[in-house]
Amino acid sequence: MIGVIIVELLDARNDFIFKKIFGSENNKDVLLAFLNSTFMEAGEPPLTEIVLMNPYTDKDAPADKQSILDIKAKTAEGKRINIEMQLFNPYNMEKRTLFYWSEMYYHQIQKGDDYSQLKKCVTINILNYSCLPNDRHHNVFHLREDHTGIQLNNDLEIHVMELTKLEEQAVPLTGGLINWLLFLKGVEQPNWEVLTMNEPMLKKAMDTLEFLSQDAATRMEYDARMKYLRDEASRMNGAKAEGRAEGRAEGERNKAEAMVRELLALGVETSIIVRASGLSEQEVLSLKTQMGRH
């Protein structure tokens, strides 16, 4: 009897794998179906075609650790779309999003061109962490006036999809974006059939993921990318923790200096102030000199 080899699926939230599934010319129909599910939730008409501006090629292999494996596309009308998958929190995501959106908007025209040529730009961020203070897994942002809600224009549109806010047990009964997001989050394979019934094009995405998971070269590149992403996440978390520690130390220092100034003003002896504040005698005398100058 021949045994069945079960291959562990790669994580579609890895940006390298995500781009292979959604950002190749062969899977342009998969990307189109995903985008139409996204825009349907935003109350927008479906797209009929999409042009990949940076389709996946072997040059996208994660040998260049600094590469950003996003997906850039445009519609027949010229609308620009940028899709980015974030497995780990890069921090300052809101500012980062606006920065990359502005680059996409700015680079549409050359210096001196008519501003009327600028087309709508859409950013879609799929996050494997929570960053917005609400319970919605799909948030859509535009430029609107605070009081009346009127749009300044319709050129800015930002989608933030937070996979962590999906209900664990939720397997939808109808089509829509949530089916795609559950697939990306890694819903168990026994639920795949239900998802594909809701969104038929998901079958091709799933087949692609299974094929990639069985390819030895892809697994090696995937492992390399995962190592880089984890190292980057660890570095950023370490820098953030170090910043918090420095902030606490600075706060304690400021408190000690404030106490020293109060004691000096009361004429307390330097030796007593040194013991009470934890500062050195030289530091106390330096503060005393500063006070004498004012």
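Good morning. I shall begin with E162, which is found in strand β6, residues 156-162. Please keep in mind that what we are viewing is a predicted model.

Is E162 buried or exposed? At 0% relative accessibility, E162 counts as buried. The side chain of this glutamate has polar partners in the backbone. It reaches the backbone nitrogen of C131 at 2.6 Å, and one of its polar atoms lies 3.1 Å from the backbone nitrogen of L132. Leaving aside neighbours within four places in sequence, E162 is in contact with L127, Y129, S130, C131, L132, N134, R136, H137 and N139. One of these, R136, is 26 residues away in sequence, and its C-alpha is 8.0 Å from that of E162.

Let me now step back to the chain as a whole. The protein chain has 294 residues, and 43% of them count as buried. It contains 9 helices and 6 strands. Its accessible surface comes to about 17,300 Å², with 54% of that belonging to carbon and sulfur atoms. Among contacts with a separation of 6 or more, 62% are between residues 24 or more positions apart.

I turn next to the interior. In soluble globular proteins, nonpolar side chains tend to be buried together. In this model, the largest nonpolar core has 49 residues, and those with the most contacts inside it are F22, L35, I126, F183 and L184. Which helix supplies the largest share of this core? That is helix α2, residues 28-41, which contributes 7 residues. There is also a second, separate core of 13 residues, which includes W101, I109, C121 and L127.

F22 deserves a closer look. Not counting residues up to four places away in sequence, F22 touches N27, V30, L31, F34, I71, W180 and L184. F22 is also one of the buried residues of helix α1. That helix covers residues 15-22, and 8 of its 8 residues are buried. The buried set includes charged residue types as well as nonpolar ones: D15, K19 and K20 are listed together with F16, I17, F18, I21 and F22. At the N-terminal end of α1, N14 acts as a cap, with a side-chain oxygen 2.8 Å from the backbone nitrogen of F16.

Helix α6 offers another pattern. This helix runs over residues 202-213, 12 residues in total, and spans 16 Å from its first C-alpha to its last, close to the 16 Å expected at 1.5 Å a residue. Its buried residues are L202, A205, M206, T208, L209, L212 and S213. Why do they line one face of the helix? Seen down the axis of α6, the buried residues fall within an arc of 160°, so they line one face.

One of those residues, S213, may be examined individually. S213 is buried, with a relative accessible area of 1%. A polar atom of the S213 side chain lies 2.7 Å from the backbone oxygen of L209. Beyond its neighbours within four places in sequence, S213 is in contact with V7, E8, L9, L10 and R219.

Strand β3 is my next stop. R80 lies in this strand, which comprises residues 80-86. With a relative accessible area of 18%, R80 is buried, because the cut-off for that label is under 20%. Not counting residues up to four places away in sequence, R80 touches M53, A73, K74, M104, Q108, K120, C121 and V122. The C-alpha atoms of R80 and K119 are 7.1 Å apart in space, although the two residues are 39 apart in sequence.

Finally, I draw your attention to the loop between β3 and α3. Both Y91 and N92 are found there. What is the sign of phi at Y91? Phi of Y91 is near 65°, a positive value in a residue other than glycine. For N92, phi is near 55°, again a positive value in a residue other than glycine. As for accessibility, Y91 counts as partly exposed at 23%, whereas N92 is exposed, with a relative accessible area of 56%.

To close, I return to the residue with which I began: E162 is buried at 0% relative accessibility, and its side chain reaches the backbone nitrogen of C131. Thank you for your attention.

How values were computed
Residues numbered from 1 in each chain as written. Predicted model: local features only at pLDDT ≥ 70, side-chain atom pairs only at ≥ 80, totals over all residues. Heavy atoms only, no water. Helix = DSSP H or I, 4+ residues; strand = E, 2+ residues; numbered from the N terminus. Expected span 1.5 Å × (residues − 1). Buried < 20%, exposed > 50% of the residue type's maximum accessible area, 1.4 Å probe, protein only. Arc of directions from axis to C-beta. Polar contact = N/O pair within 3.5 Å; in protein donor to acceptor, adjacent residues only side chain to side chain. Core = buried A, V, L, I, M, F, W, Y, C linked by side-chain atoms within 4.5 Å. Contact = heavy atoms within 4.5 Å. Areas by Shrake-Rupley, 256 points an atom, 1.4 Å probe, with all protein chains shown as cover.
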